[in-house]
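Subject: Structure handover

Dear colleague,

I am passing on the structure we spoke about, and my notes on it follow directly below. Please read them with the coordinates open beside you.

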Amino acid sequence: MAGPLRPQIVLFGSSIIQMSFDNGGWGAILANLYARKADIVLRGYSGWNSRRALEVLDEIFPKDASVQPSLVIVYFGGNDSIDPHPSGLGPHVPLQEYLENMRKIANHLKSLSDHIRVIFLTSPPINEEQLRRKLSATQSGRSNESCGVYANALMELCEEMNLKAINLWSAIQAREDWLDVSFTDGVHLSAEGSKVVVKEILRVLREADWKTSLHWMSMPTEYAEDSPYYPPTPDGTKTINVSHIVSRRCLQWDI
């Protein structure tokens, strides 16, 4: 492991996680914001549902790891909510089983350490017409209504368990033109859709009453001291500390 040791923020889930560094994705934006502050660790697996996640949860988050994450952002639900296939194969997980799986994931993560924090993301909405065009099919097994049912149920579970959660299904649809700008294929997020995810995550981190804040603006910058090797000022009397340049640029995004 490269040093110095930084806090770890792990993104864990299915394709919304795996593809979060694509297309100006929200994972890439977080990595930029947390440069010199925390390591964004990607554990995304396209096609997975909550059943598959439980099968390997101990491998991805072992209890005996020498370093545990400071924050885990979890997303499962979009694949679970797909209609069941007559063969019995496929990603569908009945709603009550899905909720129990998410409960088990939350309890496992909370058991790793006293300082770990967890944020659950619900299923985003989908653009059914765009998805049909992309698949050249009349039936994908996905519906925006079903995504909403799973999203609302997860929010209720998180409230019951006193967990931080973000209802992406509602947040993305709050924009009037969400159907036109939020997706690359009707399911996966575009750069515009990803901006909503980042703003919601940062809102939760800003408002969280946690002993140690994990909002990027509250965290120390690694090697932030002045250096004689930085670019000199025009008069040559000192150097310009560039360690915060990325942070200052990110402030312009109002996130």
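In this predicted model, strand 3 is covered on both of its faces, with Leu71, Ile73 and Tyr75 buried on one side and Val72 and Val74 buried on the other. Put as a count, five of the five residues of strand 3 are buried.

On either hand the strand has a parallel partner: five bridges join strand 1 to strand 3, and five bridges join strand 3 to strand 4. If you want to check the register, leucine 11 stands opposite isoleucine 73 of strand 3, while leucine 71 stands opposite arginine 117 of strand 4, and phenylalanine 120, also in strand 4, is the bridge partner of valine 74. Between strand 3 and strand 4 the chain passes through helix 5 (residues 95-111), and this β-α-β crossover is right-handed.

These pairings belong to an open sheet of five strands, which has the order 2-1-3-4-5 and parallel pairing. Strand 2 (39-44) and strand 5 (164-166) are the edge strands, each pairing on one side only. On average, and with direction ignored, neighbouring strands of this sheet are turned by 20° against each other.

The next topic is the packing. The largest nonpolar core holds 35 residues, of which Trp26, Leu30, Tyr34, Ile73 and Leu121 touch the most other members. Two or more residues each are given to this core by strand 1 (8-13), helix 1 (15-18), helix 2 (26-33), strand 3 (71-75), strand 4 (117-121), helix 8 (168-173) and helix 10 (191-207). Helix 10 gives the most, with seven residues. Apart from this core lies another one, of 31 residues, including Val93, Met102, Leu157 and Cys158.

As for tyrosine 34, once its neighbours within four places in sequence are left aside, the residues in contact with it are Ile9, Ile40, Leu202, Leu205, Leu214, His215, Trp216 and Met219.

In helix 2, the residues Trp26, Gly27, Ile29, Leu30 and Leu33 are buried. They lie on the same side of helix 2, because the arc they cover around the axis is only 160°. As a general background to such a pattern, an α-helix has 3.6 residues a turn, so residues three or four places apart point the same way.

Two loop residues also deserve a mention. Tryptophan 210 lies in the loop between helix 10 and helix 11 (245-251). Its relative accessibility is 15%, and because the cut-off for buried is under 20%, tryptophan 210 counts as buried. Not counting residues up to four places away in sequence, tryptophan 210 touches Leu71, Arg117, Ile119, Lys164 and Leu205. As regards arginine 117, it is 93 residues apart from tryptophan 210 along the chain, yet the C-alpha atoms of the two are separated by 8.7 Å.

Serine 190, for its part, lies in the loop between helix 9 (178-181) and helix 10. By the same cut-off of under 20%, serine 190 counts as buried, since its relative accessibility is 10%. With its neighbours within four places in sequence left aside, serine 190 is in contact with Asn23, Val181, Ser182, Phe183 and Thr184.

With best regards

How values were computed: Residues numbered from 1 in each chain as written. Predicted model: local features only at pLDDT ≥ 70, side-chain atom pairs only at ≥ 80, totals over all residues. Heavy atoms only, no water. Core = buried A, V, L, I, M, F, W, Y, C linked by side-chain atoms within 4.5 Å. Buried < 20%, exposed > 50% of the residue type's maximum accessible area, 1.4 Å probe, protein only. Helix = DSSP H or I, 4+ residues; strand = E, 2+ residues; numbered from the N terminus. Contact = heavy atoms within 4.5 Å. Pairing = 2+ DSSP bridges. Right-handed = clockwise from strand over helix to strand, strands pointing away. Arc of directions from axis to C-beta. Axes fitted to C-alpha atoms, helices over the stretch in contact; angles between N-to-C directions.
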